[in-house]
Amino acid sequence: MREIEPEFTANALTVLQRRYLKRGREGEILETPREMLRRVAEHVASADRLYDPEADVEKLADQFYELMARLEFIPNSPTLMNAGRELGQLSACFVLPVEDSMESIFEAIKNTALIHKSGGGTGFSFSHIRPHNDVVMSTKGISSGPLSFMRVFDVATETIKQGGTRRGANMAILRVDHPDIIKFITAKQKEGVLTNFNLSVGLTEEFMMAVKEDRDYPLVNPRTGQEVKRLPARRVFDLIVNMAWASGEPGIIFLDRLNRDNPTPALGAIESTNPCGEQPLLPYESCNLGSINLSLMVRPGTDGLEIDWERLGQVTVRAVHFLDNVIDVNRYPLPQIEEMTKGNRKIGLGVMGFADFLIQLGVPYDSEPAVALADKVMGFIRREARTASATLAKKRGPFPNWEQSIYANKIELRNATLTTIAPTGTISIIAGTSSGIEPLFALSYVRNVLNDDELPELHPLFLQIAKERGFYSPDLIQQLAKRGSARGLDGVPEDVQAVFATAHDISPDWHIRMQAAFQKNTDNAVSKTVNFSHEATVEDIRKAYLLAFDLGCKGVTIYRDRSRSKQVLSLSETEGRLPEGTLAPRPRPRVTAGTTEKVKTGCGNLYITVNRDEHGICEVFTSTGKAGGCPSQSEATARLVSLALRSGVDIEAIIDQLKGIRCLSTVSRKNGGEIKVLSCPDAIGKAIEQNFKHNGNPVLTLNQDTGFEPDPEAKCPDCGSVLEHSSGCVTCPACGYSKCS
């Protein structure tokens, strides 16, 4: 019998070649996509020999290969990359403990490096670390708090690439009742901070009740267990909402709900998740994931396509067998992780292609039938997965910690958890289907992946239907490429507009209702982004968070379009990023170099700092001397000039606009011969001009009032590192010291 040849799209082949296929020492590709799938299938199937030396492993390997070659099921990326290879680390998700001691913190950093090197992502709860300015008993010193240590984790992650193919990713969770919670919530107020972390606030049921009842709640020092302060819950909640509106972070995790479904509470409480939030884990646990391609779980029926329940059941059973085997053939980065993982044998079977599945069935994503289908399909998968796990338990025994689990004396299962809804970013590209349970991002878009390569995509089902129903035209496709969505597009039938819903066509309420429907039948959690348009208000975000709580979600991640300078998916280059004619500032660099000039004005001394990055002049800061003056106006001018500089406005045009502006305070004192500028804006324009003409090199002149002097390197008073100017403040990138707090 001839082996099935997988049919990958051009985009899928690009991703496989760049990231998954085995390479030689010189970087040359050593295997084909088919050989990759065969490598994975044979390695995972070999686990059956551990339980039955006479097992027909070759037949099972053929079944696993067919499962993947038909693109009906794809395991998580580390399994595709590493199965049957020297590294051998197959899990995607890890959680490490971080206790309140230097030994624990730096042990966690070391272990994080090992996990990232092996291809996994890590989650942490920093809630046990004593707060900023708390006492350190052993040294009588002062604690720097969890945020300072998170920066150390972030720097360590930046230096490690996962297995040479994946960048490290982290989840940081801090309980809402930790004394440093405000610092945590606002930690990513500036872009470029903690870039290797996703942040989520761990919310409790008590806190959410306090929000609803508009009352205070306690902050508790984790070192002492004592209440140290009370905050108004609604104000803290609103701060979370405002930050999420501005940048998409922090997300929120409902900690009590994670522990409500903890299958082994006797082993400890769940305090963190993997980087995308869908896999709650105990300390030192890991989990391997895989997803069923729902877009292939349909068949012709009497009235069009219908769900192929029989095939879905078969794929589910085989996928559970596959994922359970992964636990046995896996090479774990730490012995503690191997012990915990094999003790609970958690797996995370999920789905992808849900949006394509709905389109084929003719069901709009934002509709009651779609929510009902989500409930029905995931309920079916969960039941079939549980049956498959029970069957494996009869042959291999239940998971070793079964007697300490909630299933003891009820049902023997091979796996403590079975279902997870993961984001499926790259594996959905490999499968040629929509990501996870997300709606389509757009019908035509550019996908940025892997070192900023851009992959153009036009949805094949829309193209097919347009041609079959006779409304296809090149002009229509051009319009679609510009706007991304078919809704409201002339020439597209209303039923087609309804079915081809995109992420921004769908109201946030429907996003959350869909997440809640899947969560109802998911053992672990659901990774889902609630998309908002750029015009969404803070109140829109607030309502979404409260709805997620009311509908039983375990967490929420939102993203308001264009609230960050870089996003993975965008519409076409010409229309999808910003409206025509709109300028967007490039992100402020982490480190800049510049000069500071002391200028005498009619309001006193004005100090003007002009900084550069690799593109040229990028920002201006001003401060006034002891004589006072109008610092707010100077600062406003400097901020607007900085924004214009980073937005690509012609620098000479900026200089021309500023130079020559007159101020009465300056002009009235000019007779004394001391004043060399006409106003503060005039001084700023001349400072920029000098820097521009001399390419940033300091120019020392004999004029003591307008001479440029190099800005001395200021040292951090805490650690001695060089301080940086950042958003109008001076901070230390090494230890977090700041003059603004």
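Is arginine 345 buried or exposed, and what is its relative accessible area? I looked this up first in what is a predicted model. Arginine 345 is buried, with a relative accessible area of 3%; the cut-off for buried is under 20%. I then located the residue in the loop between α12 (335–344) and β18 (347–352). Its backbone also drew my attention: arginine 345 has a positive phi of about 50° and is not a glycine.

**Entry: overall counts.** I recorded 24 helices and 29 strands in the protein. Of its 741 residues, 54% count as buried. The protein exposes about 32,600 Å², and carbon and sulfur atoms supply 50% of that area. I also noted how contacts are spread along the sequence: among those with a separation of 6 or more, 68% are between residues 24 or more positions apart.

**Entry: helix α3.** I checked the length of α3, residues 57–69. Its 13 residues should span 18 Å at 1.5 Å a residue, and the end C-alpha atoms are 18 Å apart, so the two values agree. I listed its buried residues as Val57, Leu60, Ala61, Phe64, Tyr65, Leu67, Met68 and Ala69. Their cover includes α2 (33–45), β1 (73–75), α4 (77–82) and α11 (309–329). Just after α3, leucine 71 takes a positive phi of about 65°.

**Entry: α2 against α11.** Both helices are among the elements that cover α3, and I examined how they meet. Their axes come within 8 Å and cross at roughly 75°. The crossing angle therefore makes α2 roughly perpendicular to α11. On the α2 side I found Val40, His43, Val44 and Ala45 in the contact, and on the α11 side Phe322, Asn325, Val326 and Val329. By class, this contact has 6 nonpolar residues, 2 polar residues and no charged residues.

**Entry: helix α14.** I repeated the length check on α14, residues 368–396. At 1.5 Å a residue, its 29 residues should span 42 Å, and the end C-alpha atoms are 42 Å apart, which agrees. Glycine 397, just after α14, takes a positive phi of about 95°.

**Entry: further backbone values in loops.** I found a cis peptide bond from glutamate 249 to proline 250, with omega near 5°. Proline 250 lies in the loop between α9 (233–247) and β12 (251–254). For tyrosine 284, I noted a phi near 75°, a positive value in a residue other than glycine. Tyrosine 284 lies in the loop between β14 (280–281) and β15 (286–293).

Technical notes:
Residues numbered from 1 in each chain as written. Predicted model: local features only at pLDDT ≥ 70, side-chain atom pairs only at ≥ 80, totals over all residues. Heavy atoms only, no water. Helix = DSSP H or I, 4+ residues; strand = E, 2+ residues; numbered from the N terminus. Expected span 1.5 Å × (residues − 1). Buried < 20%, exposed > 50% of the residue type's maximum accessible area, 1.4 Å probe, protein only. Contact = heavy atoms within 4.5 Å. Axes fitted to C-alpha atoms, helices over the stretch in contact; angles between N-to-C directions. Parallel < 35°, antiparallel > 145°, perpendicular 65-115°, else oblique. Nonpolar A, V, L, I, M, F, W, Y, C, P; charged D, E, K, R; others polar. Areas by Shrake-Rupley, 256 points an atom, 1.4 Å probe, with all protein chains shown as cover.
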